[in-house]
Each structure stands twice: as C-alpha cells, then as structure tokens.
Amino acid sequence: MIFKCKNCGGNVIYSPDKEKMFCPYCDGEDCQEVSDARQGIEVCSNCGGEIHINDYTSASQCPYCKNYLIFDERVEGEYAPHLILPFKVSKEAVKKSIREKFKSSIFAPSDFFSEAKLDGMQGMYVPFWMYDYTAHGLYDGECTKVRSWTSGDRRYTETSVYHVVREFEVAFDKMPVDASDALPDSTMDLMEPYDYKALEAFKADYMSGFFAEKYNQSADTMEYRAKEKAKKNTMDMIYQSIVGYTHRRPAKEFVTAERTDLNYALLPVWIYSYRYKDQTYQFHVNGQTGKIVGKVPIVPAKVMGYGATVFGLIFSIGLMLRFVLSII
Ligand SMILES: [Zn+2]
Ligand SMILES: [Zn+2]
C-alpha cells in the first residue's frame, strides 16, 4: 500500500505537525489515495525496485524512489493493529531537541549535530500488546503499633495489636508490553510514559512516512510481564493503605489478576543511529512526548503510565485485639 497525492502523484505522508496527511511535493493536504499496484513484499509498488526488508518489517521506505510503503499482509488479518498512537513530534522538532540536549556534551563530535546525519533519523512504529486486567488482592493479618516513653526513671512500652483486613479490586487499563525484539525492552521501558489516552483506532494513514514492525512475540508469551506488574501494583496499593503500624504479620495474603481485554497497538519512536570510531550510538526519542533516551547515563524515572482504578475498597477494617502495657 502506498499513499499518493491526487494532485501531483507524489507520496503523501502523515505530518505530526499538521496532524494530517500532506504531500511534501505540492503541499496539498488531505489528498491521499491508496494505490495497490504491483503490491508485494520486497518489490516497491511504486517503482518496482527490489527492497530488502526483514521478516517483521510492516512499513519501510524504498531506497530508490524514496516512497514510503506499507506491506498490506503485515497490517491485516491476525496482524491488524487495533490501536495506534500517531507521531506527535516531527523530525524537525526532534533534531532541535537533540541539538539542545547535547550541545554542551563533550562526547559529541561536531558532525553529530550535522543536518545530514540527523536527517537520517527514522520514525518507527513499535508493536505492543496492551492488556487489561481485573486484579483482586487480599491482606488479612496482624499489625502492631509500638510506642515507648519514659516517665521518671521508668521506661514504658505499649504494644497494640490490630487485626487488619484489606481487600482490593483494581482495574488495570492497557498495560503495555513490547511485542517485538526490534528494540530492547529496557529502551522501551525508559521511553515511558506514553499518554495512552491519545491512542486511536488503527488507520494505515498514520504509518505513511514511517517505518514499522509487526509483532513477533505472541500475546500469550509476553503476558507474564504485564500480569506480574498488575499483581505487584495491587499488592503495593494494599500495603500503602496499611500505614502507621510498626510490624505487619500476614496470616492470609494473595493476589490474582484476570485478563479482561487485549489490544495490539503501535507506538511511535524516533531512532537516531550515529556511528563514531567503530561504535554505534543509538538515540531513541518518544515520538509522542519528545523524551530522549540516549547512551548517556540515564536514571529511569519510575512512572506508572497506564491507568489503574481502584474500583472498591470492599472491606477495610482495623480492629484492636489486644492492648498490652508493659513496664521494663
Ligand atoms: Zn502533491
Ligand atoms: Zn521505489
């Protein structure tokens, strides 16, 4: 599939600045038309030139005519994405922020910022699985509060024991897991957070002008990452609700998570590869927020990007069982 201008026949691409399709040749807008002539993997449907792509490439650029191609059979059927997060940051904006961020960096050779090098940057849609869960967590146990004070020459310690029960039901919405090995999981984790509220129903239009991969890891294979996170977050919420105690001694504690929905989504990333003295430096930029992740030391910010709603604090009591006043 290729998007062409009705006016001049040029390759119409999606512009993050204009937030719509536009023709870079005649500046025409909303002039796209899908041409499917001679469609096939490894042959450009525009010029017939041979293209070398890997097994998972779903969108690429023809090295001869520079048109952006989308490979139908890799975005259809079982590979049809449900959702796409369109690029929000343009290549020009990314160039500017890379220059800003690294301008004082001593490691940067002068041509690191050159127009020619930066122009080689590619926008890429990375495949993700997005899981919805309903998690159910329970804590049932003893908690103690210990208080000490001195009066005269005596030291008092008061230990209060409570029976504490917490039962939470938490709905997790669109927990993302990288569905390809195109980029390391750690890189994608650093790129977080994305604002998933901007996800849209999939349209191939958004892919025109970019590269893309289809998933190469099944939703079932990758599920453990999201499920563990949902369970851990639920338990953390429960613990955070048990405050003010000195000790916690659970008698019963469990958490389960049940998948309620699954979406296949494409997320935008700008990739800038820079070769210097036999080493490749890779810079990844969140295509929605412009956040830069480079091979410079970066401390990952721990941000919960997905939505988590506590439906109901079904049962929450703090019942005092014993009251002990001891004199030491
Ligand atoms: Zn045109
Ligand atoms: Zn071509």
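Author: Let's start with one term: two residues count as in contact when their C-beta atoms, placed from the backbone, lie within 7 Å. Also keep in mind that this is a predicted model.

Reader: OK. Which residues is V126 in contact with, leaving aside its neighbours within four places in sequence?

Author: V126 is in contact with D178, S180, A182, L183, M188 and E213, and also with L266, L267 and V269. Both V126 and L267 turn up again in the largest nonpolar core, which has 72 residues. Along with A59 and Y125, they touch the most other members of that core.

Reader: Why would nonpolar side chains be buried together?

Author: That's simply a tendency in soluble globular proteins. Here, strand β8, residues 122-151, gives the core its largest share, 12 residues.

Reader: How many of the 328 residues count as buried overall?

Author: The buried share is 32%. As for the elements, the protein has 4 helices and 15 strands.

Reader: What share of the contacts with a separation of 6 or more comes from residues 24 or more positions apart?

Author: That share is 73%.

Reader: Now the backbone. What is the phi of E19 near, and is E19 buried or exposed?

Author: A positive phi deserves a look when the residue isn't a glycine, and E19 is such a case, with phi near 60°. You'll find E19 in the loop between β2 (13-15) and β3 (20-22). The cut-off for exposed is 12 or fewer other C-beta atoms within 10 Å. E19 has 11, so E19 is exposed.

Reader: And where is K66?

Author: K66 sits in the loop between β5 (57-61) and β6 (68-70). Its phi is positive too, about 65°, and K66 is not a glycine. K66 also has 11 other C-beta atoms within 10 Å, so K66 is exposed.

Reader: Which residues does a cis peptide bond join?

Author: Check omega: about 0° for the bond joining E192 and P193, which is cis. P193 belongs to the loop between α3 (185-191) and β10 (200-201).

Reader: Where is pLDDT low, and how should I read it?

Author: Where pLDDT is low, don't read the predicted coordinates in detail. The protein averages 84, and 85% of the residues score at least 70. Among the elements, strand β7 (residues 83-84) has the highest mean, 98, and strand β15 (residues 307-327) the lowest, 44. Over residues 311-328 the pLDDT is below 50, and the model gives this stretch 30 contacts beyond near neighbours in sequence. Residues 296-305 also stay under 50, with 10 contacts beyond four places in sequence.

Definitions and conventions. Residues are numbered from 1 along each chain as its sequence is written. Chains are lettered from A and ligands numbered from 1 in the order in which they are written. This is a predicted model: local features need pLDDT of at least 70, side-chain atom pairs count only at pLDDT 80 or more; totals for chains, interfaces and linings use all residues. pLDDT is the predictor's confidence in each residue, from 0 to 100. Helices (H or I, at least four residues) and strands (E, at least two) are DSSP runs, numbered from the N terminus. A residue is buried if 20 or more other C-beta atoms lie within 10 Å of its own, exposed if 12 or fewer, and partly exposed in between; C-beta atoms are placed from the backbone. A nonpolar core is a set of buried Ala, Val, Leu, Ile, Met, Phe, Trp, Tyr and Cys residues joined through C-beta atoms within 7 Å.
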